[in-house]
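Open the model in your viewer and keep the sequence panel beside it. The tour goes from one selection to the next and says what is found at each stop.

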Amino acid sequence: MAGESASPSVVVTFPEEVDVTNSAAATAGVFDALGSHDLVIVDMSGTKFCDSSGMRMLLVARNHADVTGSVLRIVITPGSAVARSLAVLSMSSLLPIHDTLDDAMEADPAR
């Protein structure tokens, strides 16, 4: 997981697989970013697999963003396995998901 700072925003790029072995590190990276940036974009466009621990982390990160006053946006490629999993679990409507990194960066702040 890599973070590229572009203050006051940051893009946190997730690995190809997010599972129980690395979801704690992913959570820590996102929480650190939420604590120090106004806009945090989680780029999962290259993520091919995300298990339940990773999906739970996305919900917790969304809640943490609300508490810190930061804006969280998540990039997930439409039609990907991750997008399908979130849709099956009815989580896609609960998360601020964008199709591309550009969409996430240019989105209306109210969204």
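Start by selecting helix 1 and helix 2, which are roughly parallel to each other because their axes cross at roughly 15°, an angle under the 35 degrees that sets the limit for that term. The model is a predicted one. Helix 1 covers residues 23–36 and helix 2 covers residues 52–68, and their axes come within 10 Å. Looked at as a crossing, the passage of helix 1 over helix 2 is right-handed.

Now show the side chains where these two helices meet. On helix 1, select Ser23, Ala26, Thr27, Val30, Phe31 and Leu34. On helix 2, the partners are Ser53, Gly54, Met57, Val60, Ala61, His64, Ala65 and Thr68. Colour the selection by class: the contact has 8 nonpolar and 6 polar residues, and no charged ones.

**The whole chain**

Zoom out and colour by secondary structure. The protein has 4 helices and 7 strands. Read from the N terminus, the order of elements is β-β-β-α-β-β-α-β-α-β-α. The C-alpha trace spans about 30 × 30 × 25 Å along its principal axes. The radius of gyration is 12 Å, which agrees with the value near 13 Å for a compact globule of 111 residues.

Colour by accessibility next. Of the 111 residues, 40% are buried. Then switch to a contact map: among contacts with a separation of 6 or more, 71% are between residues 24 or more positions apart.

**Methionine 55**

Return to helix 2 and select methionine 55, which lies in that helix. Is methionine 55 buried or exposed? Its relative accessible area is 5%, so methionine 55 is buried, the cut-off for that label being under 20%. Not counting residues up to four places away in sequence, methionine 55 touches Cys50, Ser85, Leu86, Leu89 and Met91. For a distance check, draw a line from the C-alpha atom of methionine 55 to that of aspartate 103: the two are 48 residues apart along the chain and separated by 21 Å.

**Arginine 62**

Stay on helix 2 and move to arginine 62, another residue of this helix. Arginine 62 is partly exposed, with a relative accessible area of 22%. Which residues does arginine 62 contact, leaving aside neighbours within four places in sequence? They are Leu72, Leu94, Leu95 and Pro96. Add arginine 73 to the selection: arginine 62 and arginine 73 are 11 residues apart in sequence, and their C-alpha atoms are 8.6 Å apart in space.

**The loop between helix 3 and strand 7**

Follow the contact from arginine 62 to leucine 94. Leucine 94 is in the loop that joins helix 3 (81–88) to strand 7 (97–98). With a relative accessible area of 42%, leucine 94 is partly exposed. Its contacts, again without residues up to four places away, are Leu59 and Arg62. The C-alpha atoms of leucine 94 and leucine 59 are separated by 7.8 Å, with their positions 35 residues apart along the chain.

For the last stop, select serine 90, which lies in the loop between helix 3 and strand 7. What is the sign of phi at serine 90? Phi is positive there, about 60°, although serine 90 is not a glycine. Serine 90 is partly exposed, its relative accessible area being 48%.

Key:
Residues are numbered from 1 along each chain as its sequence is written. This is a predicted model: local features need pLDDT of at least 70, side-chain atom pairs count only at pLDDT 80 or more; totals for chains, interfaces and linings use all residues. Side-chain values use heavy atoms; hydrogens and water are left out. Axes are lines fitted to C-alpha atoms, for helices over the stretch in contact, and angles run from 0 to 180 degrees between N-to-C directions. Angles under 35 degrees count as roughly parallel, over 145 as roughly antiparallel, 65 to 115 as roughly perpendicular and the rest as oblique. A crossing is left-handed if the near helix is turned anticlockwise from the far one by less than a right angle, and right-handed if clockwise. Contact means heavy atoms within 4.5 Å. Ala, Val, Leu, Ile, Met, Phe, Trp, Tyr, Cys and Pro count as nonpolar, Asp, Glu, Lys and Arg as charged, and the others, Gly among them, as polar. The radius of gyration is taken over C-alpha atoms; the globule rule is 2.2 Å times the number of residues to the power 0.38. Buried means under 20% relative accessible area, exposed over 50%, partly exposed in between (1.4 Å probe, protein chains only).
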